[in-house]
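Please read the following explanation alongside the sequence and the coordinates. It goes from a single residue to strands, then to aromatic rings, and ends with model confidence.

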Amino acid sequence: MAGAYYDPINCTLYLLEDTPDNSHFDLTKALIEQVNPSMILTSSKADDNFMDVLRDHKRDPNLQKWNASVRLANFTSVESSPCLSCVGALIDHLFRARAVSEPDEDVVQGLEVQSIEPLLLLQSMQINADALFSLQIFEDENHASIHSDKTKEGLSLFGILNATKTSLGRALMRQWFLRPSLSPEVIGCRHDAVECFVRPDNIVTAEAMHGHLAGIKNVPKVLAALRSGKGKRSDWQGLVKFAFHALLLRDAVLELHRASNVQIVGQLLDALDTAKFREIGNAVNGTIDWEESSSADRICVRPHVDDELDNLKHIYNGIDSVLSKVAVKVSSTIPPDYTSTLNVVYFPQLGFLICVPMKEEWKTEAGIDVLEGWTFQVTPRPFVLYPVLTLASHVYFKSQEMHDLDVHIGDLHPAIVDREIEIIQALQEQILAHDKAMGHACDVCAELDCLISFSSATRAYEYRRPIIASDNIIDIKNGRHPLQELVVDTFVPNDAFLAGGSGIGATGEVFYQDDALDEEVQCPRRSVVICTGANACGKIALIQYMAQVTESATLGITDKIFTRVQTRESVSRVQSAFMIDLNQVSLALRNSTPRSMVLLDEFGKGTLPTDGAGLLCGVLKHFLERGDECPKIIATTHFHDIVHPGLLDPCKLPIGFVHMQVLLAGDTDMLETQRQETRTARVANGYSLHSHAITCAELFGVPKRVTARAKHVSELLDQHELGRLLDEEMTEEEHRGLAEAEEVCRQFLAWDGEAHVAGEGARTVREMLAEALGRKDGE
């Protein structure tokens, strides 16, 4: 499989070289989920299974539009060079889109390929759409109006960390979140920058730098518009703002303390060429007349830039006096009764005209009276430049004087426009000579924008710098859930330790946590964790995910994250919820490595309890049997029966257990049954096979008599005495009869018939049975 996609924000074409894919098309799905394209082009020779994968991406009411988007556009043999074939199809589509677009559409300006870059999947963490959704990395909230298809970022990791000021910075940060780097050097450089920006003596400077970044527009897109000849006044203003804020940004960078070893600072000083950008800003600002450009709705040139242009404008600006003199001369040569007033006007499209008010008699069948030597000029509608003039009130004529004016000064306005175009074209060539420098500076500024956003979040939420280790470990001290702590009244941080098999020789070990109230693990070196509650999985995974952006812990590099946390059901999907869960787990089984992280939350709950527990045990044992190849696994479950010598035996398998303690305010001991409104939770060693469901029910208002009954029934279930529930429906007389029958049975079972018959004072069997039954002999 090979692929190519186009990003209109930075005008870049990304290529995925020919890469082997499996029969489940996992790589294809990952590419589509990462890119999230609005249109997909593929070969008509693709097999049906591959086409089904592509259709699943757009399985919505717009399916007809999707079918129209899949077509053949190959330029080379797919078998010999899939990558070149993809590039050809994509470029062909971009040119077609330009050809059919209207001139004023923004899409035309976005279809410029400025650079071509490879898409290196092996250098970034692979995380699919289900994992992004489960970990709440992104959260799109629909617009309040049903008539709008716009979305906004909700409560998500991207939402709380994204404070970027530029469009390029936002796009880069989204790319970092979709594909976090696996390079310790790159991660370390980002951490160095964040650590520098959060220093107390650098906070004011960092905030000033962030403010200057707001003035830096999408320069690559502006340059593309200028290169295509469609540059607007706002585009030229964007260049001036870029040059101005780039110079201020460079001055602010020099005020940072202890920043000499920060890579982004060095890159910024090299990219922001003071002399070059000052020249660009002065050239644009000194050439373009912003006020006249706004009123004329085109790019105009300032005075004193070009002598020839100044002379033409001087004549053009003084034309009113000339026209007044010509109007007086013309009026003296016409009959007095022809018109009381007339004007001489100039239209750039038609030249000079005599403007005469419309008479009432001219509106009759007789028509307009044209003087000798004059010609009537007809215009079907008012001119756009002069909407005040209408045919209903004025009539326009040409005379010999008007023709003479056309010959001598009739091309004055076009001459001014042509000369300004020549000057702006020369300015444009001067600016485009530095397009690579400006593009590189924008890329560095986008990265700076992301790093300052991270530093702002670090200060706001009191994050700490992690230690990136070479070992495959997760060692978290007082770990916090970056999203949950924002929405709960009380949050208790917890420690966690996980170690993968590869590189350290550790075997997989399982941890267990009892209830679904929230937090995580605290344990020795192991690679598999079992707990309960989705947030338990989420915290460790988010800390690991953020560590490759910014957070606190000692962490190794994780190359992939797989989740089975939330089932993304839809009425348009033919799969059941359990089948969707199986697909997610199957993806982890096929593609996980020792450096991967697998999150399993309540896997198996969508089917029979016995089958679900068996599947969970089978998956965990499969991972454990990999030995040193076992990934880091966090699992949550309420299948207490799996803690059994025949299943996950804690005595035979390398399994450790933790459980959740419920702590009540003002008490340091664990109280699992007392009902109070204020409570927190923490993780403790050992395991528990009891649920806190009854306690939770009381906390959320379930009546006491209901919870008491539930507790009683649960105790009978634990004691295997569920039959006692049948006794509750018996009357008092039935209870007495049952007690008497029980006593008879006890006496009968205790009776030794042979001893009583053969011994001294022997009695008959009949007599002894009568005595045991409490009856007289003969009854």
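**A walk through the predicted model**

Ala 225 has a relative accessible area of 0%, so the residue counts as buried. The structure is a predicted model, and in it Ala 225 belongs to helix 11, which covers residues 219-227. Glu 112 is 113 residues away from Ala 225 in sequence, yet the C-alpha atoms of the two are 8.8 Å apart in space.

The next topic is strand pairing. Strands 1, 2 and 3 make up an open sheet in the order 1-2-3, with mixed pairing. Strand 1 (3-7) and strand 3 (115-118) are the edge strands; each has a single partner strand, so one side of each has no neighbour in the sheet. On average, neighbouring strands of this sheet are turned by 25° against each other, direction ignored. Strand 2 (residues 12-16) and strand 3 run parallel and are joined by four bridges. Within this pairing, Thr 12 is found opposite Ser 115 of strand 3.

Further along the chain, strand 7 (residues 343-347) and strand 8 (residues 351-357) run antiparallel, with five bridges between them. The connection from strand 7 to strand 8 is a hairpin of three residues. Across the two strands, Val 344 faces Ile 354 in strand 8. Four of the five residues of strand 7 are buried, which leaves this strand mostly covered.

Aromatic rings come next. A pair of rings is described by the distance between the centres and the angle between the planes. The model has 16 aromatic pairs. One of them is formed by Phe 138 and Phe 158, with 5.2 Å from centre to centre and 45° between the planes, a tilted arrangement. Phe 138 is in the loop between helix 6 (129-134) and strand 5 (140-142), while Phe 158 is in helix 7 (residues 157-161); the pair therefore ties together parts that are 20 residues apart in sequence. Phe 138 counts as buried because its relative accessibility is 11%, under the 20% cut-off. Phe 158, at 1% relative accessibility, is likewise counted as buried.

A second pair consists of Trp 362 and Phe 397, which are edge-to-face at 6.5 Å centre to centre and 80° between the planes. This pair links distant parts of the chain, 35 residues apart: Trp 362 is in the loop between strand 8 and strand 9 (375-377), and Phe 397 is in strand 10 (residues 394-398). Both Trp 362 and Phe 397 are buried.

Phe 138 and Phe 158 also belong to one aromatic cluster, together with Trp 176, Phe 177 and Phe 454. In addition, the ring of Phe 138 has the charged end of Arg 174 over it, 4.3 Å from the ring centre. A Lys takes such a position elsewhere: Lys 359 lies over the face of Tyr 338, at 5.4 Å from the ring centre.

The last topic is confidence. For the protein chain the mean pLDDT is 78, and 80% of the residues reach 70 or more. Over residues 380-391 pLDDT stays under 50, and the model has 16 contacts beyond four places in sequence for this stretch. Residues 665-679 also stay under 50, with 28 contacts beyond four places in sequence. Predicted coordinates should not be read in detail where pLDDT is low.

Notes: Residues numbered from 1 in each chain as written. Predicted model: local features only at pLDDT ≥ 70, side-chain atom pairs only at ≥ 80, totals over all residues. Heavy atoms only, no water. Buried < 20%, exposed > 50% of the residue type's maximum accessible area, 1.4 Å probe, protein only. Pairing = 2+ DSSP bridges. Axes fitted to C-alpha atoms, helices over the stretch in contact; angles between N-to-C directions. Phe/Tyr/Trp six-rings, centres within 6.5 Å; stacked < 30°, edge-to-face > 60°. Lys NZ or Arg CZ within 6 Å of the ring centre and 35° of its normal. pLDDT = per-residue confidence, 0-100. Contact = heavy atoms within 4.5 Å.
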